[in-house]
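Good morning, and thank you for coming. I would like to introduce a structure that is new to this group, beginning with its ligand and then turning to the chains.

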Amino acid sequence: MSETPLLRVENLKFKYQNTGGKGSDREVLHGLSFTVERGEYVAMLGHNGSGKSTLAKLCMMILDPTEGHIFVDGVDIADPELTDAQVLAVRKKVGMVFQNPDNQMVATMAEEEVAFGPENLGIPSAEIRQRVDEALKAVGMSEYAKKEPSRLSGGQKQRIAIAGILAMHPDCIFFDESTSMLDPQGRKDVMEIIDRLNREDGVTIIHITHDMNEAARAKRVMVLHEGNFVMDGTPEEVFAQPEKLDACRLTVPQCTQVMYRLKALGFEIGDRVTTPEDCAEAIRSLLGSGEVRHG
Amino acid sequence: MKSISLGRYYAADSVIHRLDPRGKIVLTILFIVSTFLAKNVISFALLILFVAALSLLSRVPLSLILRSLRGVTVVIIFAALINLFLTNIDQATFLVEFGEWNGRMYGITVEGLIRSGCMVLRIICLIIGTTLLLTYTMTPIELTDGISNLLHPLMKIHIPVDLFAMMMSIALRFIPTLSEDAERIMNAQKSRGTNFSDGGLIRKARALIPILIPLFVSSFKRGEELAVAMECRCYHSGDDRTRMEVLKWHVRDTLFFLLLIALGAGIVLINIFFAWIPYFTVL
Ligand SMILES: Nc1ncnc2c1ncn2[C@@H]1O[C@H](COP(=O)(O)OP(=O)(O)O)[C@@H](O)[C@H]1O
Ligand SMILES: [Mg+2]
């Protein structure tokens with residue numbers, strides 16, 4: 001393989017250092033190894049406390065690995081000799097959008113918020129202006145440029161947060177349960193932006209989520225359980241094994257289960273079957289087309 | 001959702017609003033000095049003229065301007081009374097005599113009246129001028145930006161001005177979030193039966209504890225997450241940060257600056273050349 005992968009993790013172990021007295025020093029990640037190529041769209045599943053956020057923080061250099069290596073675009077970020085400039089270069093390449101939009105905003109005006117990242121990178125004023133306008137446009141928030149973020153809805157805040165990362169022109173974005181605090185409309189808007197960023201702009205996406213329907217939109221699904229990756233494959237492959245997901249304390253919605261099982265049996269089913277209504281419709285059309293031969 | 005308006009910014013598009021925040025901060029200091037230099041009826045007239053012009057130019061409604069005085073009514077009345085009765089001038093012209101005490105005559109004098117009037121005018125001008133310049137026409141963020149810009153040279157002697165500015169703007173940013181938190185916690189505690197309105201001062205203060213503790217916990221949690229998010233967005237202290245909006249100094253800023261210098265100089269000159277007009281040193 002000639003191209004260096006965007007993210008390569010080798011035998012990554014992590015232990016939170018004695019922070020809270022008893023019960024600490026527990027290993028959270030037990031030797032993860034995986035590779036994410038440029039332009040991939042990965043969904044990372046795992047129940048609460050399985051170590052997803054920890055992994056993301058390790059990749060953002062917020063935490064240092066206890067053992068193992070993380071290569072971002074070929075640079076070993078576990079190297080303690082890394083200079084400040086190299087650290088900034090890594091963080092510029094990899095952005096992260098968090099769960100709570102309120103806790104990641106620094107500015108009192110939407111466009112100032114978006115400008116924060118580029119300002120930290122020391123980009124000239126005129127170029128920051130241009131990047132901010134582009135980023136706000138990309139998330140459909142141009143008319144809110146002068147608004148106070150505290151007056152926006154959750155979904156709008158999260159779109160501003162995404163714009164703040166986009167303005168730094170990252171190669172890869174981690175979304176750490178970024179939709180989980182949003183209302184249905186907010187989720188829909190944010191998911192559409194995530195899909196589009198990957199499809200049209202080729203941004204590598206690593207979407208940490210609890211929502212199977214959201215995970216199903218990715219091209220690859222990885223399941224983290226108790227600090228190990230237990231499943232890694234296309235959504236079809238992963239969702240066709242509900243018992244295994246169950247063991248990881250993840251419940252696949254019934255309609256998704258049915259659809260993926262049918263798919264695994266070789267039936268033609270569209271990609272975006274997520275609601276029970278869609279599911280019923282798909283089965284009806286299958287029956288109608290006479291494709292069903294088994295009793 | 002209630003919104004707390006900090007500093008009562010009055011949104012309008014006026015010359016005063018558009019002045020450079022750095023300039024406005026320095027102007028305010030010059031203005032305060034000028035009000036204290038004024039010691040003479042003519043210089044007070046000049047001061048009043050300036051404040052009136054400022055008010056007109058700022059397009060802030062008169063009612064709002066007068067409202068800024070409400071907080072200092074007690075101070076004004078107190079200053080007026082002190083100057084009225086305790087003026088110690090040898091040859092005072094008494095209008096009303098209250099009586100002698102410790103070998104001194106007390107009462108209302110012409111000098112006392114004039115001096116008290118000047119003091120009241122001085123305080124009124126001071127308050128109106130500074131609130132107009134610093135709060136009604138300047139957002140807290142502009143104020144922070146202006147101060148940090150002015151203090152920027154201190155970075156050379158390793159005073160972390162940029163960090164203070166960042167702390168200040170984050171504090172401003174979190175005021176609405178934390179006040180929402182407080183409201184939510186208060187409602188939660190109320191629904192559990194905490195009584196916030198009855199009882200004496202101590203009981204009321206005690207009732208605040210179940211609000212303050214969760215509020216502290218939640219703000220620490222927010223703070224921790226914010227720190228991580230800022231680090232992920234490459235935040236670091238140092239001189240290599242740039243800004244999207246760079247403050248620009250315009251001709252109008254220079255003009256206002258000259259105007260204030262002229263005001264200060266005028267007041268000093270009037271003090272010197274019109275010294276024969278009753279000259280009042282106040283407090
Ligand atoms: N700051 C911390 N100190 C100690 N333990 C932590 C800390 N943060 C998380 N953990 C523990 O690490 C484990 C993984 O947490 P996390 O990565 O946040 O999981 P997830 O994001 O998958 O829900 C959990 O058991 C959690 O209790
Ligand atoms: Mg998490």
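Let us begin at ligand 1, where an oxygen atom of the ligand lies 2.6 Å from a polar side-chain atom of A:Ser53. Please bear in mind throughout that this is a predicted model.

A:Ser53 has company. An oxygen atom of ligand 1 is also found 2.7 Å from a backbone N or O atom of A:Gly49. On the side chain of A:Tyr16, an N or O atom is 3.3 Å from a nitrogen atom of ligand 1. How much of the accessible area of ligand 1 does the protein cover? Taken on its own, ligand 1 has 560 Å² of accessible area, and the protein covers 65% of that.

Allow me to widen the view to the whole shell. Twelve residues surround ligand 1, and the closest are A:Arg26, A:Gly49, A:Lys52, A:Ser53 and A:Thr54. By character, the shell divides into eight polar, two nonpolar and two charged residues. Which element supplies the largest share of this shell? That is helix α1 of chain A, residues 52-59, which contributes three residues. As for the site itself, ligand 1 occupies the second largest pocket.

I now turn to the chains, starting with chain A. Chain A contains eleven helices and ten strands. Its C-alpha trace spans about 65 × 45 × 45 Å along the principal axes. The radius of gyration of chain A is 21 Å, which agrees with the value near 19 Å for a compact globule of 295 residues.

Chain B presents another picture. Chain B has ten helices and two strands. In sequence order, the pattern of chain B is α-α-α-α-α-β-β-α-α-α-α-α. Why is chain B described as more spread out than a compact globule? For its 283 residues the globule rule gives 19 Å, whereas the radius of gyration of chain B is 25 Å, well over that figure, so chain B is more spread out than a compact globule. Along the principal axes, the C-alpha atoms of chain B fill a box of roughly 70 × 55 × 40 Å.

Thank you for your attention.

Definitions and conventions. Residues are numbered from 1 along each chain as its sequence is written. Chains are lettered from A and ligands numbered from 1 in the order in which they are written. This is a predicted model: local features need pLDDT of at least 70, side-chain atom pairs count only at pLDDT 80 or more; totals for chains, interfaces and linings use all residues. Side-chain values use heavy atoms; hydrogens and water are left out. A residue is near a molecule or strand if one of its heavy atoms lies within 4 Å of it. A polar contact is a pair of N or O atoms within 3.5 Å; within protein, one must be able to donate a hydrogen and the other to accept it, and residues adjacent in sequence count only if both atoms are side-chain atoms. Accessible areas come from the Shrake-Rupley method with a 1.4 Å probe; for residues, only the protein chains shown count as cover. On a 1 Å grid over the protein atoms alone, a cavity is a set of points where a 1.4 Å probe fits but cannot get out, and a pocket is an open set with protein on both sides within 12 Å along at least five of seven lines; lining residues have an atom within 4 Å of a point. A molecule sits in a cavity or pocket if more than half of its atoms lie within 2 Å of its grid points. Helices (H or I, at least four residues) and strands (E, at least two) are DSSP runs, numbered from the N terminus. Ala, Val, Leu, Ile, Met, Phe, Trp, Tyr, Cys and Pro count as nonpolar, Asp, Glu, Lys and Arg as charged, and the others, Gly among them, as polar. The radius of gyration is taken over C-alpha atoms; the globule rule is 2.2 Å times the number of residues to the power 0.38.
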